[in-house]
Structure formats: C-alpha cells, structure tokens
Amino acid sequence: MVLTGNCMCGAVGWTYSGDITRNLVCHCVDCQRATSSPLTAFLGMRQDHLNWAGDIVHYESSPGTFRGFCPTCGTRLYFCSGRWPSEVHVHAATMTDPGEYQPDAQVFIGSRMKWLDRLRSLPAHQGFQRAPEDSADTP
C-alpha cells in the first residue's frame, strides 16, 4: 500500500509504503488542544517506511512527545512519542484523499465532546449559511 499526503500550502509532503499500524479517532484533550478540533483522526505509520519532503517544525508538547507542523501554513502533520518509538501518527486530514480514510476505533472516549452527538440533527449546508458581514473588525 502506498499513501501520500501534504500540508495545506503544499510545502510539506509525505509518502508512505507499508502496513498501517493503527487507524484511530482520538478524543483526548491533548489532541483537541493541539489541533483546535474536537477530535483527531490519524494513521499509525512505521517511521522507516515514511518519507517527508519539505521543512517541518517540531513542538515538544510533553517530554518525549513531539508534534510536527508546516512552518509556512501551520498545518498539523503528525504526533510521535517515545511511547511508540517506531511509529509516527500522521493526521488523516493530510492524506491526498482524506475521504478514503477508514478508522477502526475511537480512543479516549471519556473526553469526547458531547455536542458531536447533535451533528446529524443540525441543518447542513454546502457553504456558509449566511454571507459574511461587512465589518472592519474582520481579519
């Protein structure tokens, strides 16, 4: 199996050839804070089968735990830790076709955002439901 992916601006790319060690959706508080998202979907990949192109900046979020991101656009790329020394946990949203991602488990379900249960009952739109307001305060 060969998988590819990249950051939002394309400055960093990756290629993986090998077996996936895990396909998880993580609800832990650390992932929520690190990604500014209610959950993080990732693929466990063996380091020796993963190739990166481009510069990556690392943030040590706790001793022995690093999060890699693109210094140009800020896209979160992966998580790695001494707890899993031979694995890199690459964010599924960086896959060339993230729609192909198939998680097989959810972890740290105790910190799962309760409002996720309501998503199916909320109105759905193809774009924003309202036009942006014309405001000088908008960045």
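1. Glu 87 is a good place to start: this residue is buried, with a relative accessible area of 8% (buried means under 20% relative accessible area, with a 1.4 Å probe and protein chains only). Glu 87 belongs to strand S9 (strands are DSSP runs of E, at least two residues, numbered from the N terminus). The model is predicted, so local features need pLDDT of at least 70 and side-chain atom pairs pLDDT 80 or more, while totals for chains, interfaces and linings use all residues. Residues are numbered from 1 along each chain as its sequence is written, and side-chain values use heavy atoms, leaving out hydrogens and water.

2. Which side chains make polar contacts with the Glu 87 side chain? Thr 21 does so at 3.2 Å, and Arg 22 at 2.7 Å. (A polar contact is a pair of N or O atoms within 3.5 Å, where within protein one must be able to donate a hydrogen and the other to accept it; residues adjacent in sequence count only if both atoms are side-chain atoms.)

3. Now to the largest nonpolar core, which has 19 residues. Such a core is a set of buried Ala, Val, Leu, Ile, Met, Phe, Trp, Tyr and Cys residues joined through side-chain atoms within 4.5 Å. Leu 3 and Trp 14 are among the members that touch the most others. Apart from this core lies another, of 5 residues, including Cys 26 and Phe 42.

4. Trp 14 also has a place in the strand pairing: Trp 14 in S2 is the bridge partner of Gly 5, and stands opposite Trp 52 in S5. S1 and S2 pair antiparallel over 5 bridges (pairing needs at least two DSSP bridges).

Key
Buried means under 20% relative accessible area, exposed over 50%, partly exposed in between (1.4 Å probe, protein chains only). Helices (H or I, at least four residues) and strands (E, at least two) are DSSP runs, numbered from the N terminus.
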